[in-house]
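Got your viewer open? Let's take a walk through this one, a selection at a time.

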Amino acid sequence: LNYDKGYTYKIEDCRIVSKTINYLSKKIGKYYLFIVTNQAGIAKKKFSLIDFKKFQHHLLKKLMKKKILINDYRFCPHHEEAQLKKYRV
């Protein structure tokens, strides 16, 4: 969905893959669209949960401007080597 720069969480790094836009545009109204994403960077303290949510909000707004509505998103902030104990799974 987004070009991966390795732990991409900064709004200025939000670059949607154009083929994805074209594909999703054809699916509007036919499917329930949602995002599932691993976010180990939260567990590793590369960025915060707030940073992630701000990025997601920006991404969803950017997609809405292209008339693509993402119905929901889920994420996994866990990692076995997490610096934050609550995410060490």
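Is Asp-13 buried or exposed? Select it and colour by accessibility: at 18% relative accessible area, Asp-13 is buried, because the cut-off for that label is under 20%. Keep in mind as you click around that this is a predicted model.

**Stop 1: the salt bridges**

Leave Asp-13 selected and add Lys-5. Their side chains meet in a salt bridge, with 3.4 Å from N to O. The two partners sit in unlike surroundings: Lys-5 is exposed at 59% relative accessibility, whereas Asp-13 counts as buried at 18%. Side chains of opposite charge can pair when their charged atoms come close.

How many salt bridges does a search of the whole structure find? The count is 2. For the other pair, select Arg-74 and Asp-72, where the closest N and O atoms are 3.1 Å apart. Arg-74 is exposed, with a relative accessible area of 55%, while Asp-72 is partly exposed at 25%.

**Stop 2: the largest pocket**

Now put up a surface and select Asp-4, Thr-8, Thr-37, Asn-38 and Gln-39. The largest pocket has a volume of about 350 Å³, and these five are the closest to its centre among the 20 residues that line it.

Which elements should you highlight around the pocket? Try strand 1, helix 2 (40–43) and helix 3 (49–65): each supplies at least two residues of the lining. If you colour the lining by residue class, you'll get 11 nonpolar, 8 polar and 1 charged.

**Stop 3: a nonpolar patch**

Select Tyr-32, Phe-34 and Val-36 next. Together they form a nonpolar patch on the surface, with about 360 Å² of accessible area. Zoom in on Tyr-32, which lies in the loop between helix 1 (18–25) and strand 1 (34–38). Why does Tyr-32 count as exposed? Its relative accessible area is 52%, and the label exposed applies over 50%.

**Stop 4: the loop with Lys-46**

Last selection: Lys-46, in the loop between helix 2 and helix 3. Lys-46 is partly exposed, with 46% relative accessible area. Draw a distance from its C-alpha to that of Leu-59, and you should read 19 Å for a pair 13 residues apart in sequence.

Key: Residues numbered from 1 in each chain as written. Predicted model: local features only at pLDDT ≥ 70, side-chain atom pairs only at ≥ 80, totals over all residues. Heavy atoms only, no water. Patch = residues over 30% accessible without salt bridge, like charges linked within 9 Å, V, L, I, M, F, W, Y side chains within 5 Å. Areas by Shrake-Rupley, 256 points an atom, 1.4 Å probe, with all protein chains shown as cover. Salt bridge = Lys/Arg side-chain N within 4 Å of Asp/Glu carboxyl O. Helix = DSSP H or I, 4+ residues; strand = E, 2+ residues; numbered from the N terminus. Buried < 20%, exposed > 50% of the residue type's maximum accessible area, 1.4 Å probe, protein only. 1 Å grid on protein atoms, 1.4 Å probe; cavity = no way out; pocket = protein on both sides within 12 Å on 5 of 7 lines; lining within 4 Å. Points joined across faces, edges and corners; volume = space filled by probe spheres on them. Nonpolar A, V, L, I, M, F, W, Y, C, P; charged D, E, K, R; others polar.
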